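Biologist: Let's go through this one feature by feature. Please give me the general idea before each case.

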Amino acid sequence: MLNSTLEVSHLCTSFFTDRGEVKAVDDVSLRVDKGQVVGIVGESGCGKSMVARSVMGLVKKPGKIVGGSIVLNGQELTSLDDKELCEVRGRDVSMVFQEPMTSLNPTMRVGRQVQEVVAIHEQVSKEQARQRTLEILSAVGIPEVEARYDAYPHELSGGLRQRVMIAMAMIMRPSLLIADEPTTALDATVEAQIIALLKRLAHTGTSVLIISHNLGVIAQLADYVYVMYAGRIVEKADVCELFDNPLHPYTHGLLGAVSSLRSQSKVLQTIPGVVPNLANLPAGCSFAPRCDRCMAACDSVRPELVTVGAGHELCCHLTKGVDVL
Amino acid sequence: MSDGLLEAYDLVKDFPLDRKRCVHAVGGVSLAVNAGETLAIVGESGCGKSTLGRLLIGALPPTSGEVRFRGHTITGLKEKDFSPYRRQLQLIFQDPYASLDPRMKVRDLIAEPLVTHKVCATKDEVTQRVLGLMESVGIPLDYLNRYPHQFSGGQRQRIGIARALALDPALIVCDEPVSALDVSVQNQILNLLNELQETRGLTYVFISHDLSVVRHISDRVCVMFLGKVMEVGPTEEVFHKARHPYTQFLLGSVLLPDPHQRGRQMRLLEGEPPSPVDPPSGCCFRTRCPYATELCARQEPALRKAGDAAVACHRLTE
Amino acid sequence: MDPSTGFDVLPMAEDEPGHVPASAAFDRIAYVLRRLARDHKTAIVSAVVIVLFVLGAVFAPVLTPYDYNDINLSQRLSPPSLEHLFGTDEGGRDILTRMLYGSRVSLIIGVVPTLLSIAAGTLIGMVAGYVGGKVDTVIMRVADVVMSFPSMLLAMVVMYTLGDGTINVFFTMVLVGWAGIARVVRSETLKLKEREYVEAARIMGVRPTRIMLRHLLPNCLPTIIVLFTLEVPSSILTESGLSFLGMGVQPPNASWGLMVSAGRVFLYHAPWLCFAPCLAIMVIVLAFNYLGDGLRDVLDPHLQSQ
Amino acid sequence: MRGNATTSLLRRLLYSLITIVGVAALVFVLLRMVPGNPVATLLGERADAETVERISSSLGLDKPLPVQFADYVLGALSGDFGESFTLGKPVVDLIGPAFMNTLRLAIAAALVAWVVGIACGLFAATHKGALVDRLFMGISLLGVSLPVFMVAMLLQYVFARYLHWLPVAGISDWTGYVLPAIALGWGSAGSVARLVRSSVIEELQQDYIDTARAKGRTKRQVLVLHALRNAMLPVITLMAMQFSGLLSGAFITETVFSINGIGRLSVQAITGRDIPLLQGTTLLIAFVIVMGNLVADLLYGISDPRVRKGV
């Protein structure tokens, strides 16, 4: 218990729209151990960002956490009121968002935005807070910090802005950093820089939950990976195990799609169809309509997560057949 | 350069910011696109690759320089004279959500180029052509009367492709056609583009920032930085024997989808991207180049032959 | 079809059944009405109120036994009764009748010049925005000049020079009204012009006039509709204000503003003289505003509330 | 960067100047489109042709239009706006005190409009969808929908005639401003409230609000420290434009409450067919509006760093 930084169990987050309840996160359990980097991977609309928002307590209306528990460092978060949550946010858990362009307040100097975090959680003098801000800004690799401190966000490049976001997230040395697609909006060379920075941070003992659709990012950063599809976890495994031995047809397809790009074959591997509409999921396995190994049971019975190997769990009817092991 | 389908000579495009300053989006690019090939233009945001793509098909007038299509100059033509070339040169857009008029049906979207260029004599003929195009890009024919918002991203991109194909062009500029799509759908579109190239003998200029996509689809690659060509050559040559430092960095930043290769040292670029408003003197990459010398600041390197490729770097000649 | 390029079938949302929409316009109107009925019941009520006013104005002669100018001094200033639902004025004329006839003035002045200004403003704004350059600068300078007049003052000045009369009122209102609309349409055009689908059309070789008609106008339409519902009440208010100051419609014609102005003297002995026309102005203006509010929400043009 | 700011300021000033000259020209032309000789109208039927001629030429009305305009502009630059036909005094002496009355009224009205408007807008935004929100928005719509004369008369009736709390009309001390200020500011309060609400709601949906929440700010702190400043940017513009609107749109309020301001003076000038006076008031009002727009532009530039740096 003490070993885990974050323990999410049976989390359900729904949106209540006029077409009825949409289950963005459906019975998701995950665990981030101390110093571990855990990745969540999935295509757009699979609910991976909603997991992050639920942990941060930042689910917007008409969304709502409808069930499950989120335990951070032994503290249950779902039962906290907003004021208590505010003490946790930024201090114990922090978040880096996808769009560094819009995630910073456009009319506030970046230094002040970083410094603000200290002011919220600690009683320190302005000078001290400023000093700490300058330190963290240079620690995340921002050159000429004194000058950048007084810059407005629009005066910085995308890469620098994301570094500011990371500085903001790390200044209180939180036990958990959530990074939601931190490099999606960035150029390749900048992406590599940010990934290297996150790698370095992970070595300092902070646990990281990284969310991405990019298998490259996950492969480079994560120790343990959860694969999400249509609001549910379909497979989870150690990163090497998952990439070497993907068992879920969806994981298989995703990895195949990426690796066939690198192969010599003229025709690329694809997954037919599109991510289903969360408001209108099939009764059985959500992946069944796109699955090339779909069986009769898949259309009617929803599979459950089953352990298939050391730390490797799978949510697929194939586990019952001989195909798997 | 004489066998090129499309040739560009010293293309320059400046966008004025105000009275004094301007953005130097494309700064003197010469290249040739051969018939039937796929030429990829890669680079990071702001390197001028989209602008170059638009210059090549005459969608933007260049500040200076010229473009020749099958040996005929197409730069500076009047609308009437340009019209036949317009039909030969088409563009596929990056964002399939923004590039289709939300208030038009699929049939009207695909028919618009046919109607504009008065290709068909009757309405029936237009419909027949539209149906044919829908079939060739894989849109079910009964979706004829639907609106773009009723389709997914991948389907919309197919509509965009059908529209680009409507006039039977010789060359299509694909401006990041898959970067807005999920991986699995991205591959569907890439397969489609490949298939169409084979069946119709198309030539592509494929603009992308994604090196693995480029590697798969292109025959030749042109690497751009800050409006200039750094390196151009056959895909395998550029990927295996990258000669320009920038190309090396670009390839070194690729995040391999393989956890076993985590130990591989990524090559990280230092510093901040220079401004296209006020580019560095000499070689535009020198402010970030670890090998930069005094010569690089003084003189701009020209594209020089190196193996099968051409590279713009002073180091090569030393 | 090759299974590897298998077609991605998008599930259709429930309220968009598989049938092929009969007509685009019909579909959209039905959608707007459905959304209004669900989220903006006041807008529906407002629409009904507006229709009632229009009917009242059209059928005024049928709806009342009196003429709007029947002077009957024996019935001066009589309070509301069964005979005269809203009472009579200082000349013994039936107030309800005068109001019904007055609504003709208000509605016509509210709607006709607004339509004309919108037509002119849309054309000018779209051309300015799409063509840009010097044309744009000149048009916008002229619009600035026009907008630097308070509309009421310009109206008064024009009335002063041209004399009053319906045509002149129309003329004035269009003269004042086009500029604001041109400005909004221009900024909308500038935004739409940058959209890729407009660029796509341009690259395809579609002519500017066709781009404006086929791509820009339909996409500006929600904004224009909302502008219409907001301009009508402000025109009605301007007219009533002008008439109140004695510079609009002249007696013995009936206009709501004029009736209030005339009744002002009797406010303390016979408040009904002012009450009914005031109420009418308030209701019709509110109805248009509510309708505009609802439409803005449903059609979602990014207009700031004014 | 600095040079840029100066040139853009200069360009704006130039635009404003052009606009004012344009307005002056338009007024000038419009007022001379009157059928018949204004002097003849003024003097009535009794006047003989000779008198009309004499007065016309003394007023310069017999010269060609461009010459008249040049004369007028030159005069205006030296503070000479001509002499009122009807009141027989220099126009400057008439519009000066009137403008001061209007200015005081406008300030009072602006105070009412902005305090009430911002408070209601904020409250509605933070209680979006709740009963108070709908109530406030309903009232604000009423604010924009009521004709000014109606509000004015209602206030007069209730608070002055019936309750005798405040004076009916005219201004002897500050109490005289209360009712006109409310009448005039009422509509503006409505539009401010609506803009504040929509602007705050829009700002609260921005990504950086999530960032601030992720830092550990409470909802209230996020509103006050982050959203409010950015949400007020468009409101500031509206307020600057509104103020000039209040200064120039008080025709009805001033008439109902018998305040000798610019609005009432303009109405008198029109009814009296007093060209020089009307010219003077119109020009003044246009000047005020152009200045209001200029100030709105500048304020926006100052308060938004993105615009300030000319990006």
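Modeller: Start with the buried residues of α1(A): Lys48(A), Met50(A), Val51(A), Ala52(A), Arg53(A), Ser54(A), Val55(A) and Met56(A). Buried means under 20% relative accessible area, with exposed over 50% and partly exposed in between, using a 1.4 Å probe and protein chains only. Helices (H or I, at least four residues) and strands (E, at least two) are DSSP runs numbered from the N terminus. Two housekeeping notes: this is a predicted model, so local features need pLDDT of at least 70 and side-chain atom pairs pLDDT 80 or more, while totals for chains, interfaces and linings use all residues. Residues count from 1 along each chain as its sequence is written, chains are lettered from A and ligands numbered from 1 in the order written, and side-chain values use heavy atoms, leaving out hydrogens and water.

Biologist: How many of the residues in α1(A) are buried?

Modeller: Eight of its nine, so call α1(A) mostly covered. Just past the end of α1(A), Gly57(A) has a positive phi of about 70 degrees.

Biologist: Which residues of helix α10 in chain C are buried?

Modeller: Trp256(C), Gly257(C), Leu258(C), Met259(C), Val260(C) and Gly263(C). That's six of the eight residues in α10(C), which runs 256–263. The cover includes α2 (41–58), α4 (95–131), α9 (208–244) and α11 (272–299) of chain C, and α7 (148–162) of chain D joins in.

Biologist: On to interfaces. How many residues of chain D and chain C are in contact?

Modeller: Contact means heavy atoms within 4.5 Å. On that rule, 46 residues of chain D meet 41 residues of chain C. The size of an interface is often given as the accessible area lost when the parts come together. Buried area here is the accessible area (1.4 Å probe) lost by two parts on being put together, summed over both. For chains D and C this is about 4,000 Å², with carbon and sulfur atoms giving 76%. On the chain D side, Phe149(D), Met153(D) and Ile270(D) lose the most area, together 15% of what that side buries.

Biologist: How many salt bridges and polar contacts are there between chain D and chain C?

Modeller: A salt bridge puts a side-chain nitrogen of Lys or Arg within 4 Å of a carboxyl oxygen of Asp or Glu. Chains D and C have one: Asp293(C) pairs with Arg194(D), with the closest N and O atoms 2.6 Å apart. A polar contact is a pair of N or O atoms within 3.5 Å; within protein, one must be able to donate a hydrogen and the other to accept it, and residues adjacent in sequence count only if both atoms are side-chain atoms. Three residue pairs pass that test between D and C (both at pLDDT 80 or more).

Biologist: And how does the contact between chain A and chain D look?

Modeller: Chain A brings 29 residues and chain D brings 23. They bury about 2,200 Å², with 53% from carbon and sulfur atoms. In chain A, Thr107(A), Glu116(A) and His154(A) lose the most area to chain D, together 24% of what that side buries. The A and D interface has five salt bridges, one of them between Asp210(D) and Lys60(A) at 3.6 Å. There are also 15 residue pairs in polar contact (both at pLDDT 80 or more).

Biologist: Where do salt bridges link up into a network?

Modeller: Among the 35 over all chains, Glu7(A), Arg31(A) and Asp33(A) are linked that way. Glu7(A) sits 3.4 Å from Arg31(A), joining strand β1 (residues 4–17) to strand β2 (residues 20–33) of chain A across 24 residues. Asp33(A) meets Arg31(A) at 3.0 Å, N to O. Glu7(A) is partly exposed at 22% relative accessibility, and so is Arg31(A) at 32%.

Biologist: Which parts of chain D does the pair Asp297(D) and Arg12(D) tie together?

Modeller: Asp297(D) and Arg12(D) meet at 3.4 Å, N to O. One lies in helix α13 and the other in helix α1 of chain D, so the bridge ties parts 285 residues apart in sequence.

Biologist: Last one: why is there no bond between Cys315(A) and Cys285(A)?

Modeller: A disulfide is a covalent bond between the sulfur atoms of two cysteines. The rule here wants the sulfur atoms within 2.5 Å, and the count is zero over all chains. The sulfur of Cys315(A) finds its closest cysteine sulfur in Cys285(A), but at 6.5 Å that's too far for a bond. Cys316(A) has its closest partner sulfur in Cys298(A), 6.1 Å away and again too far. Cys315(A) is buried at 6% relative accessible area, and Cys316(A) is buried at 8%.
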